[in-house]
Amino acid sequence: MKRFKRVLRAARRSLGGAGRINERKLGDERRAAGDWAMAARHYRAHVTSYPKDFDIWVQLGHAFKEAGRLVDADTAYQSAESLRPDDADLLLCRGHLAKLRNDQDSAAELYERSFAIDANPAAARELGQISARHAEITYTEVIGLVGALDGFADGMVSGWAIEPHAPEIPAEVEILVEGRVVATGVCDIDRPDIMAAGLVRRRATGFQIDLSGVLDLARPTELHARLAASGLPLADSPCIVEISDACRNWSRRWKSLAPDVLRPLISRIDAEAPWTTLGVIVAVAGDGGRLGDLVESLQQQWCGRWEAVLFREDGTDLKLPRALESRIAADARFRVLVAAGSGSGNALVRALGAASTDHVVCLSQDSVLEPEAVWRILDAAQRGGDLIYWDEARTGPSAESVARFVLRPAFSIDHFKAFPDLIGSFALRRETAVALAASRGAPAFGTMEWLKTASVGKVSTAAHVPTVLERRRSHTDGDRAPKPAGVRKPDRANAAIGERTLVVLSPRLEAPTLRPMIQAILASTDMANTDLVIVSRANRTATTQRYFARLEGAARIWTCDDDSAESQAINDAVAAHGSAYPNLVLVDAPITPSGAWLDAIVNIASRPDVGVAAPILVSADGRVLSAGIGLTPQGLVHSHRDLPFMTRRDRSPGWNRSLVSLREQSAAAGCLAIRTEVFVGVGGLDPIMSADLAFADLCLRVAKSGRKILIDPRIPVRATRGPSVVTFDVPFRARWASWIAEGDPFLIPVATDSAPGLDTVFTPATIRAINPRVLPLAAGRLPVLSAPPEPSLVARIKS
């Protein structure tokens with residue numbers, strides 16, 4: 001009898017299971033067909049028999065909502081919530097339903113509960129929209145989130161933040177270690193992802209703070225992040241950071257080689273090295289306490305043909321710790337320069353005179369050389385390099401705690417003029433260095449920086465050794481050198497600072513794109529010396545007219561005839577307003593600038609040899625839209641189109657790193673800076689050219705006058721995607737037919753992923769023999785030269 005009852009219960013469960021499947025399946029079929037009323041009927045029948053089926057309660061709520069039965073939908077959602085009260089998606093659905101019922105208070109509460117569970121972007125976006133409609137609601141009250149730490153990489157901590165009581169002002173973030181503030185940073189980096197999530201109302205909320213100089217990453221460190229003004233903590237704070245596996249493996253790469261491989265390698269290198277000697281000039285500041293690591297790295301060089309001269313920059317006697325003094329005295333390759341009343345101005349001259357080599361390396365006491373450094377520098381010198389530089393690793397106070405790698409591009413005069421930090425430590429022909437120091441007189445401090453700057457223009461070739469030869473340690477307060485005197489500042493701080501600039505927006509820009517663009521320009525530009533002119537058609541809409549009225553005092557409106565060519569309208573606006581402005585910035589594409597973009601391109605354009613300067617245009621998803629324009633028989637082509645563009649400090653997109661260098665192009669797109677006198681001198685924009693070709697035609701006429709068209713990829717500006725190729729019209733092709741036929745000398749083809757990668761430099765168990773790139777400095781442009789690496793020396797030895 002008991003057995004019969006068990007079989008009967010099993011049969012009933014089986015029948016019930018079949019009923020469950022049928023009702024649910026029928027409900028799914030009606031839902032797929034869009035028959036929401038019948039779907040709700042089947043789902044209700046199902047949950048009547050199985051009231052704990054969470055998924056179908058949710059589907060019942062969806063069906064009722066789509067059928068317009070909002071009260072029944074809320075009842076179904078509440079039944080589902082009783083089963084899973086912490087389901088973020090369900091709370092989000094309830095929030096959407098409350099919004100449909102115009103119950104904003106309940107919607108905000110439900111969205112906040114959903115966001116609190118998993119910080120989902122959909123809830124954040126809805127909360128941001130609610131806060132935008134209700135100005136009295138602050139971000140903290142709605143979201144409870146003022147920012148977050150994204151992570152730590154390459155010595156940089158990054159994230160985003162906004163000050164809840166002043167969201168229109170860039171927030172300042174403090175980084176703390178063991179309760180002490182070790183670094184601060186301002187949130188002025190574009191974060192469209194955070195804005196798209198509805199968390200903020202302004203794009204520039206991101207930060208990157210360099211911690212490589214303040215952290216010893218040899219051990220795990222706990223970082224705290226907070227807002228400086230209010231002290232509110234950021235999400236994901238604290239976080240634990242330490243040296244990455246890649247940096248740790250690179251630091252130990254030579255130790256990973258077995259002795260039976262390393263010994264013949266060293267012997268081979270020493271035998272292959274040129275039979276010359278390399279001079280090492282070391283300027284010492286402070287008490288020289290950090291000099292020991294450099295001395296040890298010199299004595300451990302695989303190629304022992306070097307000599308070193310140590311001197312104090314201020315010309316006084318160099319007093320070293322007793323142990324270090326004894327170590328140096330025991331090695332005849334070291335010389336310590338005695339002041340002998342020479343005075344600070346002659347210290348560098350005497351140090352260079354004390355060397356007896358063809359080339360000298362100029363280092364600071366914070367440097368530590370890699371074992372192959374002398375060999376590679378001598379090899380580059382033998383290949384004809386007058387000025388030689390290399391890649392480096394940045395570390396904390398300990399040379400073992402590598403934070404990031406600085407991979408430098410091939411040499412460009414234009415890049416160096418704008419960014420003297422293109423080169424770190426360097427080697428130079430000694431006769432050139434002696435002549436410069438003797439004729440001009442070196443400053444008391446910052447002698448190496450002064451010599452580097454002074455040597456450019458006096459040498460005929462520059463060689464980049466594309467591998468890391470040096471570790472550069474961060475300073476501490478006890479041994480930081482005084483501020484260098486007499487070192488030339490980069491061009492961005494030169495002539496155009498303080499000069500007035502007129503920004504002119506083209507009439508081809510449509511009204512929907514104007515508002516966010518104008519807001520971004522006003523927010524990212526110091527308007528004290530800058531004015532904005534918007535060229536507009538007479539037939540603008542009433543909405544546009546009301547918006548322009550609100551801009552009174554912030555921008556001028558120049559109205560042109562509806563039938564006027566866009567180029568002629570811009571020319572007329574410049575003629576009417578531009579006479580009082582030495583600099584012009586012309587914009588004919590929807591852009592979203594940030595940072596000091598305007599000052600940067602204006603200062604490059606202010607150089608006498610430059611006609612036009614332009615930023616690189618980048619899409620919202622981080623792809624290059626235009627890094628200059630090249631001429632092809634098919635039309636205008638944007639250089640480096642669709643290559644990834646990374647905004648981290650030491651970015652190097654493309655295998656040849658050509659996107660890092662300021663370089664010359666035939667034309668620029670979308671946004672450009674030009675001196676007013678240059679614009680007027682070439683006749684302005686040509687009205688006979690189509691709108692898509694007018695800027696290119698202007699640039700080509702400027703280039704024909706003998707001035708450069710420079711693109712600076714270190715100035716990224718967000719833009720919308722346009723056509724990849726712009727075809728020539730008849731007037732453009734007729735004017736520039738010879739240039740098109742001859743081929744564009746500045747057209748750089750898009751790099752491919754199949755080219756040699758940079759990671760080969762850092763492979764722990766492989767030693768690459770990398771040819772230095774020796775470039776002539778007369779052309780003023782950046783050739784794309786990169787010889788593929790030779791087979792590894794290890795493989796050569798084994799064969």
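**Exercise 1.** Identify which residues touch the most other members in the largest nonpolar core, and which helix gives the most to this core.

*Solution.* The largest nonpolar core has 41 residues, and Val504, Leu586, Leu636, Leu672, Ile674, Phe679 and Phe732 touch the most other members. A nonpolar core is a set of buried Ala, Val, Leu, Ile, Met, Phe, Trp, Tyr and Cys residues joined through side-chain atoms within 4.5 Å; buried means under 20% relative accessible area (1.4 Å probe, protein chains only). Helix α24 (residues 694–704) gives the most to this core, with seven residues. Helices (H or I, at least four residues) and strands (E, at least two) are DSSP runs, numbered from the N terminus.

The model is predicted: local features need pLDDT of at least 70, side-chain atom pairs count only at pLDDT 80 or more, and totals for chains, interfaces and linings use all residues. Residues are numbered from 1 along each chain as its sequence is written, and side-chain values use heavy atoms, with hydrogens and water left out.

**Exercise 2.** Determine which way the residues of strand β9 point and which strands pair with β9.

*Solution.* Strand β9 (residues 278–284) has seven of its seven residues buried. Leu278, Val280, Val282 and Val284 point one way, while Gly279, Ile281 and Ala283 point the other way. Seven bridges join β9 to the parallel strand β10 (residues 306–312), where Leu310 stands opposite Val282. Six bridges pair β9 with strand β12 (residues 359–364), also in the parallel sense; here Cys362 is the bridge partner of Ile281. Two strands pair if DSSP finds at least two bridges between them.

Definitions and conventions: Buried < 20%, exposed > 50% of the residue type's maximum accessible area, 1.4 Å probe, protein only.
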